[in-house]
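Reader: I've got a model open and a few labels I'd like to poke at. Can you walk me through them?

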Amino acid sequence: MAKRSSPNMPAARRAPQSAPPRWSRRAEARPEEILDAALSEFTERGFDAARMEDIAKRAGISKGAVYLYFESKEALLRALIQSKIAPLAAQAENLARAGAANPMMALKLIAAGAAMHLRDPAILAVPRLVIGLSARFPELAEFYRVEVGERARQALEGLVASGVEQGVFKSCDPRAVTRAFIGPLFFEAMWTHVLRGETAFADPSKLVETQLNLLFEGLRA
């Protein structure tokens, strides 16, 4: 006769039951939550006044948990550059590669993407912070230049050079054209989001359209 299992079977012989990790979801999302909290604190209080404990409180975690991911406010700002701004430079690089056969259209797409971001104060908050801190933290400015500025600049210069080679654009200096391309967008962003001036157009795409018409008419072979 088969023996029935006893209800008082020792714990060592019972089938183990695994409980799901308590923080399995939040552990994955936590770094991004911390970055969002840091950006809010930096924007509202300023970089110097923002405290790690306040960032942790806003993120809903302990101060020690913040230090598990980021050792300082400078590290947080570097991570914000990589998380919020560097993907925009990567997007410009991808559009430049994909549009090498039609450089004029690729430039239009890059400019249209930049115009969309002109409306987002959260994205522009990061370069604002870097500019304000550049004198005291030149290494942060250098990091931003390498991770964002240089990548976007090289992508644009490559597109202009490709257009010259294909006979779409007249002979020109790609470096100068790239600065002429970026300049109005940079001024609009700084004028409206840093200096709090009025925007040139209710729709930033109108600014881009006007800018590109002037630029392309001058470049057209």
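Author: Sure. This is a predicted model, and along the sequence its pattern reads α-α-α-α-α-α-α-α-α. That comes to nine helices and zero strands.

Reader: What makes helix 4 roughly parallel to helix 7?

Author: Helix 4 (residues 73-98) and helix 7 (residues 138-166) pack at an angle of about 5°, with their axes 9 Å apart. Angles under 35 degrees count as roughly parallel, so helix 4 gets that label relative to helix 7. On the helix 4 side, the contact includes Leu-77, Ile-81, Ile-85 and Ala-89; helix 7 brings, among others, Leu-140, Phe-143, Tyr-144 and Val-148.

Reader: Okay, on to helix 8. Why is Thr-178 called buried?

Author: Buried means under 20% relative accessible area. Thr-178 has 1%, so it counts as buried. Thr-178 lies in helix 8 and touches Arg-153, Leu-156 and Glu-157, leaving aside residues up to four places away in sequence.

Reader: And why is Trp-191 called partly exposed?

Author: Trp-191 has a relative accessible area of 30%. Partly exposed is what sits between the buried cut-off of 20% and the exposed cut-off of 50%, so Trp-191 gets the middle label. Trp-191 is also in helix 8 (residues 174-193), and with Phe-187, Val-194 and Leu-195 it makes a nonpolar surface patch of about 390 Å².

Reader: How much of the whole chain counts as buried?

Author: Of its 221 residues, 37%. The chain exposes about 13300 Å², with carbon and sulfur atoms supplying 57% of that.

Conventions: Residues numbered from 1 in each chain as written. Predicted model: local features only at pLDDT ≥ 70, side-chain atom pairs only at ≥ 80, totals over all residues. Heavy atoms only, no water. Patch = residues over 30% accessible without salt bridge, like charges linked within 9 Å, V, L, I, M, F, W, Y side chains within 5 Å. Areas by Shrake-Rupley, 256 points an atom, 1.4 Å probe, with all protein chains shown as cover. Salt bridge = Lys/Arg side-chain N within 4 Å of Asp/Glu carboxyl O. Helix = DSSP H or I, 4+ residues; strand = E, 2+ residues; numbered from the N terminus. Buried < 20%, exposed > 50% of the residue type's maximum accessible area, 1.4 Å probe, protein only. Axes fitted to C-alpha atoms, helices over the stretch in contact; angles between N-to-C directions. Parallel < 35°, antiparallel > 145°, perpendicular 65-115°, else oblique. Contact = heavy atoms within 4.5 Å.
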